[in-house]
Amino acid sequence: DNDIIAYSGNFAIPVLFEVKDNQADLKLTADVKFSLCRIETGECREVNFKPEMTLRPGMVFRSAVRNFVTQSFNLLPQTGGDLKLKAAVIDDGGEDEGQVLRLVYKRLRETAKVDVFADGEEHWEFQRPRIAINDDEITVRLIPKEKQNNLVGKEFEITVSYNEHDSFREK
């Protein structure tokens, strides 16, 4: 498709497997295709490779790779979480702000260090979110950097991180 996702430096793309028979070998194969680009020149080349790996059943041992995979997986946004969306509303912020996406979450347990990120089909940039925490509710105001952006009818993917290591993503 035409979506562009860019990574710079080292990165990992996590996958989760559900094993039907934990006593049998698990053979993993992938067909990986991507463009490798030089930032300085903008030149790109297509890269294709097909890695294969067989995981045998048995004892698991500690390793730096296993720790990295476990830590990376634990930092991925999950669905759900300790916050439940109560309302998503487009407010008129007037001439100074234009339209504002206001999200109201119900807190199911104590939460701190909340941050919110929004993305959508238009890939608009938002100002730093304005977050208010009151009793069992968190209100987030997301203001587009370009105040003429029309938010009505658009779908957004919201990622919420909190308590330093918890996060979830929803549309």
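This briefing walks through the inside, the surface and the charged pairs of the structure above. The model is predicted, and its chain has a mean pLDDT of 80. Its largest nonpolar core has 18 residues, and a search of the whole structure finds nine salt bridges.

**How confident is the prediction?**

- In this chain, 84% of the residues reach a pLDDT of 70 or more.
- Confidence is highest in β9, with a mean of 92, and lowest in helix α1 (residues 64-74), where the mean is 72.
- As you explore, keep a general caution in mind: where pLDDT is low, the predicted coordinates should not be read in detail.

**The nonpolar core**

- A good place to start is with the six core residues that touch the most other members: Leu103, Tyr105, Val116, Leu142, Ile158 and Val160.
- Four strands give two or more residues each to this core, namely β6 (99-107), β7 (115-120), β9 (137-142) and β10 (156-162).
- Of these, β10 gives the most, with four residues.
- Try finding Val116 in the viewer: setting aside residues up to four places away in sequence, Val116 touches Leu103, Pro129, Ile131, Val140, Leu142, Ile158, Thr159 and Val160.
- As background, nonpolar side chains in soluble globular proteins tend to be buried together.

**A buried loop residue**

- Thr111 sits in the loop between β6 and β7.
- Is Thr111 buried or exposed? Its relative accessible area is 3%, which is under the 20% cut-off, so Thr111 counts as buried.
- Beyond its neighbours within four places in sequence, Thr111 is in contact with Leu83, Ile138, Tyr162 and Asn163.

**A nonpolar patch on the surface**

- Some nonpolar residues are found on the outside: Val15, Phe17 and Val19 form a surface patch, with about 290 Å² of accessible area together.
- Phe17 belongs to the segment before β1 (26-29).
- With a relative accessible area of 46%, Phe17 is partly exposed.

**Salt bridges between strands, helix and loops**

- Glu52 and Lys27 form a salt bridge, and their closest N and O atoms are 3.9 Å apart.
- Because Glu52 is in strand β4 (residues 52-55) and Lys27 in strand β1, this pair ties together parts that are 25 residues apart in sequence.
- Both ends of that bridge are exposed, with Glu52 at 58% relative accessibility and Lys27 at 55%.
- Arg141 pairs with Glu97 in another salt bridge, with the closest N and O atoms 2.9 Å apart.
- What does the pair of Arg141 and Glu97 tie together? Arg141 lies in strand β9 and Glu97 in helix α2 (residues 94-97), so the bridge links parts that are 44 residues apart in sequence.
- Here the two partners differ in their surroundings: Arg141 is partly exposed, at 27% relative accessible area, whereas Glu97 is buried, at 16%.
- Lys145 and Glu125 also meet through their side chains in a salt bridge, at 3.3 Å from N to O.
- Lys145 is in the loop between β9 and β10, and Glu125 is in the loop between β7 and β8 (130-134), so this pair ties together parts that are 20 residues apart in sequence.
- Glu125 counts as exposed, at 52% relative accessibility.
- Salt bridges with shared partners join Glu97, Arg130 and Arg141 into one network.

Technical notes: Residues are numbered from 1 along each chain as its sequence is written. Side-chain values use heavy atoms; hydrogens and water are left out. A nonpolar core is a set of buried Ala, Val, Leu, Ile, Met, Phe, Trp, Tyr and Cys residues joined through side-chain atoms within 4.5 Å. Buried means under 20% relative accessible area, exposed over 50%, partly exposed in between (1.4 Å probe, protein chains only). Contact means heavy atoms within 4.5 Å. Patches are made of residues with over 30% relative accessible area and no salt bridge: like charges are joined within 9 Å, nonpolar side chains (Val, Leu, Ile, Met, Phe, Trp, Tyr) within 5 Å. Accessible areas come from the Shrake-Rupley method with a 1.4 Å probe; for residues, only the protein chains shown count as cover. A salt bridge is a side-chain nitrogen of Lys or Arg within 4 Å of a carboxyl oxygen of Asp or Glu. pLDDT is the predictor's confidence in each residue, from 0 to 100.
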